[in-house]
Amino acid sequence: RILSATKSFFSRINQSVKDALIRTANDYKAVAQESAENIKKRPIRSIVNTMPFVAAFYFYKTAPKEQSYLDSVVEASNDLLLVGEHIRNPNSDKHVQKIMWYSARGMLRYFNLKLFTVVYYSDYSEEERTYLSQCKYTNPTWTELPSRIVDIGILNHWWRLRWVMTDFDVNFNENSKEFDHLYN
């Protein structure tokens, strides 16, 4: 008797699950048909309506990761090392050295916002567990965060590092007296 009651119970649940799945499938089928009709009626409007979702998906898929930033910084550092000290751009060198200093001390933080990634620095290492590093009153507030941003990554590029490294092999402050005779 218990066995038949159990079978009956599970067969009712099984039937209700089947019915729910069939209703859901029919609903999705109706939505797909209506969407296809709307796309045929108004193709331009359909494209315009889907573009933000496509763009957001593309930004999401191309948001760079933490390792990508570290690789880019190491590559920038290597590029700077290949250039002589006198012709190296001091702004590029200073920026990359500062990032390397923060990275070596574990002070860089990465905040992935799904569509883009923000890299900023903290006053303390991630491993440091002192009172000052944990207290919310001694840590920077949200209003101070913009001044601590080191880089922003969008579309698989780290834009500040890319901008700083544009003319890394040109020292605009270099003394050019040795070439003055060519222009006089």
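## Salt bridges, rings and a nonpolar core

The side chains of Asp123 and Arg148 meet in a salt bridge, with 3.0 Å from N to O. This pair joins distant parts of the chain, since Asp123 lies in the loop between β2 and α5 (131–134) while Arg148 belongs to helix α6 (residues 145–148), 25 residues apart. Asp123 is partly exposed, at 37% relative accessibility, whereas Arg148 is buried, with a relative accessible area of 11%. The model described here is a predicted one, and it holds 2 salt bridges. Arg88 also takes part in a salt bridge, with Asp93 as its partner and the closest N and O atoms 3.9 Å apart. Arg88 is buried, because its relative accessible area of 16% is under the 20% cut-off.

### Aromatic rings

A search of the whole structure finds 4 aromatic pairs. In one of these, Trp101 and Tyr102 have ring centres 5.7 Å apart and planes at 65°, so the pair counts as edge-to-face. Tyr102 also pairs with Tyr121, and here the rings are stacked, at 4.5 Å centre to centre and 5° between the planes. That second pair links distant parts of the chain, with Tyr102 in helix α4 (residues 90–104) and Tyr121 in strand β2 (residues 117–121), 19 residues apart. Elsewhere, ring pairs link Tyr69, Tyr110 and Trp158 into a cluster.

The table lists the accessibility of two of these ring residues.

| Residue | Relative accessible area | State |
|---|---|---|
| Trp101 | 41% | partly exposed |
| Tyr102 | 10% | buried |

### The largest nonpolar core

In soluble globular proteins, nonpolar side chains tend to be buried together. The largest nonpolar core of this model has 16 residues, of which Tyr69, Ile99, Leu108, Leu161 and Met165 touch the most other members. The elements that contribute two or more residues to this core are α3 (66–81) and α4, and α3 gives the most, with 4 residues. Tyr69 is thus named both among these core residues and in the ring cluster. Once neighbours within four places in sequence are left aside, Met165 is in contact with Ala76, Asp79, Leu80, Ser92 and Val96.

### Helix α2

How far apart should the ends of helix α2 be? Its 19 residues (43–61), at 1.5 Å a residue, should span 27 Å, and the end C-alpha atoms are 26 Å apart, which agrees. The helix nevertheless bends by about 35° at Thr50, and a proline, Pro52, follows within four residues.

Conventions. Residues numbered from 1 in each chain as written. Predicted model: local features only at pLDDT ≥ 70, side-chain atom pairs only at ≥ 80, totals over all residues. Heavy atoms only, no water. Expected span 1.5 Å × (residues − 1). Bend = angle between axes of the 7 residues up to and from the residue. Phe/Tyr/Trp six-rings, centres within 6.5 Å; stacked < 30°, edge-to-face > 60°. Buried < 20%, exposed > 50% of the residue type's maximum accessible area, 1.4 Å probe, protein only. Core = buried A, V, L, I, M, F, W, Y, C linked by side-chain atoms within 4.5 Å. Contact = heavy atoms within 4.5 Å. Salt bridge = Lys/Arg side-chain N within 4 Å of Asp/Glu carboxyl O.
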